[in-house]
Amino acid sequence: MLQPNATLPKAGKDDVAAQRALRHTALLDAAAQEFNARGVSGASLSRIARALGLTRAALYYYVKDREDLAVQCYRRTCDLMRDDLAAAHGGNGLEKILNFLRRTLDPLRTPPAVLSELDYLEGKKHAALAAAHAQNVNVLRAMIRAGIGD
């Protein structure tokens with residue numbers, strides 16, 4: 001559940017880019033939580049903004065619209081999975097799978113957006129994210145096949 005008026009991370013006055021990046025990450029975390037709970041079309045941008053202590057208008061500093069927010073959340077999910085798969089090194093296939101699962105199921109990690117509504121997106125955005133997801137799935141399948149052999 002979104003935490004109302006959660007405090008956004010702040011960076012030093014001289015580091016505006018770092019502050020913006022921290023706020024953007026907090027926005028993607030809150031949006032992923034909202035999308036996972038209510039779906040992209042059922043999500044409330046106002047609820048996301050309130051959870052961050054922002055106005056809805058302030059969200060548009062970070063995203064163009066709901067679709068852009070969904071694209072950014074889904075892109076982040078694909079990137080996290082790609083990074084988790086790449087970091088899941090170990091001696092054999094089984095160890096790689098276990099390392100991957102430890103990373104993705106870390107209880108301290110903010111859950112990424114579930115790609116359940118990828119079809120909400122159209123055209124090139126959908127195709128690019130579907131391709132990134134498919135590539136991750138193929139890497140995971142290969143890892144599982146190697147793990148079964150172990």
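**Exercise 1. The nonpolar patch**

Find which residues make the nonpolar surface patch of about 360 Å², and place Leu-105.

*Solution.*
Step 1. Leu-94, Leu-98, Leu-101 and Leu-105 make the patch. Patch members have over 30% relative accessible area and no salt bridge; nonpolar side chains (Val, Leu, Ile, Met, Phe, Trp, Tyr) are joined within 5 Å, like charges within 9 Å. Areas come from the Shrake-Rupley method with a 1.4 Å probe, and for residues only the protein chains shown count as cover.
Step 2. Leu-105 sits in the loop between α5 (93-104) and α6 (123-149).
Step 3. Leu-105 is exposed, at 62% relative accessibility. Exposed means over 50% relative accessible area, buried under 20%, and partly exposed in between (1.4 Å probe, protein chains only).

This is a predicted model: local features need pLDDT of at least 70, side-chain atom pairs count only at pLDDT 80 or more, and totals for chains, interfaces and linings use all residues. Residues are numbered from 1 along each chain as its sequence is written, and side-chain values use heavy atoms, with hydrogens and water left out.

**Exercise 2. The overall fold**

Describe the protein chain by its elements, its span and its surface.

*Solution.*
Step 1. Count the elements: six helices and zero strands. Their order from the N terminus is α-α-α-α-α-α. Helices (H or I, at least four residues) and strands (E, at least two) are DSSP runs, numbered from the N terminus.
Step 2. Take the span. The C-alpha trace covers about 55 × 35 × 30 Å along its principal axes.
Step 3. Check burial. The chain has 150 residues, and 35% of them count as buried.
Step 4. Check the contacts (heavy atoms within 4.5 Å). Of those between residues at least 6 apart in sequence, 66% join residues at least 24 apart.
Step 5. Turn to the surface. About 9,000 Å² is exposed, and carbon and sulfur atoms supply 56% of it.

**Exercise 3. Salt bridges within a helix**

For Glu-34 and Asp-79, name the salt-bridge partner of each.

*Solution.*
Step 1. Set the criterion: a side-chain nitrogen of Lys or Arg within 4 Å of a carboxyl oxygen of Asp or Glu. Side chains of opposite charge can pair when their charged atoms come close. The whole structure holds nine such bridges.
Step 2. Glu-34 pairs with Arg-38, with the closest N and O atoms 3.1 Å apart. Both lie in helix α1 (residues 16-38), four residues apart, about one turn of the helix.
Step 3. Compare their accessibility. Glu-34 is buried at 0%, whereas Arg-38 is partly exposed at 42%.
Step 4. Asp-79 pairs with Arg-82 at 3.2 Å, N to O. Both belong to helix α4 (residues 66-87), three residues apart, about one turn of the helix.
Step 5. Asp-79 is partly exposed at 23%. Arg-82 is also partly exposed, at 44%.

**Exercise 4. From loop to helix**

Explain why the Arg-109 and Asp-84 pair ties together parts that are apart in sequence.

*Solution.*
Step 1. The two side chains form a salt bridge at 2.6 Å, N to O.
Step 2. Arg-109 is in the loop between α5 and α6 and Asp-84 is in helix α4, so the pair links parts 25 residues apart in sequence.
Step 3. Arg-109 is partly exposed at 23%, while Asp-84 is buried at 2%.
Step 4. Look for a network. Salt bridges with shared partners join Arg-75, Asp-79, Arg-82 and Asp-83 into one.
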